Amino acid sequence: MPPTPIKLAPSILASDFTRLADELRAIRSADYIHVDVMDGQFVPNISFGFPLLEAVRRVRDADQTGQFIDVHLMVQAPERYLEQFAAAGADGLTIHVEATPHIHRAVQMIRDLGKQPGVVLNPGTPLEALRPVLPDVGLVLIMSVNPGFGGQRFIPQTYERVRTVRRWLDELGSNAELQVDGGVNAETARLLAEAGASCLVAGSSVYGPDGAEAGLARLRGALA
Ligand code: DX5
Ligand code: ZN
């Protein structure tokens, strides 16, 4: 069987919000739309919230692209907002294990809302922290930068972390997505695919000066 192609998840954080609909159309060939929500508490930055997510959903539905709206919540105590993010248009909700003492309950809440639960780890968090919930999630996200800002440099220890989580998922027989976020470009993308990632988030390397279509094509070229 040929290997499954790596899914791409452009982060609209790096897009031009004055032209959001066009910026979304430029990535209509991507599998996921990655939506980065920052609360100014869990991370030292504030991005956007419900109204922008609703707008993304409206464009996606109008264009009938069938893309998966992948919401990365960099939010303290995300339980407080899961219902609202589900209602605003998320298909999947990914929450940080560092952001709640009740990660297992929060994952269950996402499932009960009919959305795909994801868990994410900061670069400094031991991988063991996600093991108890691994059988319950549809997506595991390994951060390859400290969350809060786009355009940061990739942390190379990520490769080994991805290899370990790939092994754990395979041992479980899980087909959960193994996603990596931060500093993904043509070079790191290729090495991440080799390490076992199945889905790559990319902000600044997609929404670059020559536009998102060219950015996506560059990443695909590196992965081919
Ligand atoms: C970082 C966000 C990322 C970010 C990636 O806090 O979670 O999704 O937008 O941006 P790049 O690809 O520029 O590192
Ligand atoms: Zn993200």
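For a chain of 224 residues, a compact globule would be expected to have a radius of gyration near 17 Å, and the 16 Å computed for this chain agrees with that expectation. The model is a predicted one, and its C-alpha trace spans about 40 × 35 × 35 Å along the principal axes. Within the chain there are seven helices and eight strands, and buried residues account for 54% of the 224 residues. Among contacts between residues at least 6 apart in sequence, 61% join residues at least 24 apart.

**The zinc site**

The zinc ion (ligand 2) is coordinated by H34, D36, H72 and D181, at 2.0 to 2.3 Å. The angles among its six donor atoms run from 68 to 168 degrees, and the site is octahedral. Along the chain, the donors follow the spacing H-x1-D-x35-H-x108-D. Because H34 belongs to strand β2 (residues 32-38) and H72 to strand β3 (residues 68-74), this pair ties together parts that are 38 residues apart in sequence. H34 is buried, with a relative accessible area of 0%, and H72, at 0% relative accessibility, likewise counts as buried.

| Histidine | Zinc-coordinating atom | Strand | Relative accessible area |
|---|---|---|---|
| H34 | NE2 | β2 (residues 32-38) | 0% |
| H72 | ND1 | β3 (residues 68-74) | 0% |

**Helix α6 and its surroundings**

Helix α6 covers residues 186-195, and its buried residues are T188, A189, L192 and A195. Seen down the axis of α6, these buried residues fall within an arc of 120 degrees, so they line one face of the helix. The general geometry of helices fits such a pattern: an α-helix has 3.6 residues a turn, so residues three or four places apart point the same way. On the other side of α6, E187 and E194 are exposed.

The buried residues of α6 pack against two helices, α5 (158-172) and α7 (212-223), and against two strands, β7 (177-181) and β8 (199-202). Strand β7, one of these packing partners, spans 177-181, and D181 is one of the residues that coordinate the zinc ion (ligand 2).

Both ends of α6 can also be described. At its start, a side-chain oxygen of N185 reaches to within 3.0 Å of the backbone nitrogen of E187, a residue that is itself exposed. After α6 comes G196, whose phi is positive, near 115 degrees.

Note on methods:
Residues numbered from 1 in each chain as written. Chains lettered and ligands numbered in written order. Predicted model: local features only at pLDDT ≥ 70, side-chain atom pairs only at ≥ 80, totals over all residues. Heavy atoms only, no water. Buried < 20%, exposed > 50% of the residue type's maximum accessible area, 1.4 Å probe, protein only. Helix = DSSP H or I, 4+ residues; strand = E, 2+ residues; numbered from the N terminus. Arc of directions from axis to C-beta. Contact = heavy atoms within 4.5 Å. Polar contact = N/O pair within 3.5 Å; in protein donor to acceptor, adjacent residues only side chain to side chain. Donors = N, O, S within 2.8 Å, 3.2 Å for Na, K, Ca; no water. Tetrahedral: all angles 85-135°; square planar, octahedral: opposite > 155°, others 65-115°. Rg over C-alpha atoms; globule rule 2.2 N^0.38 Å.
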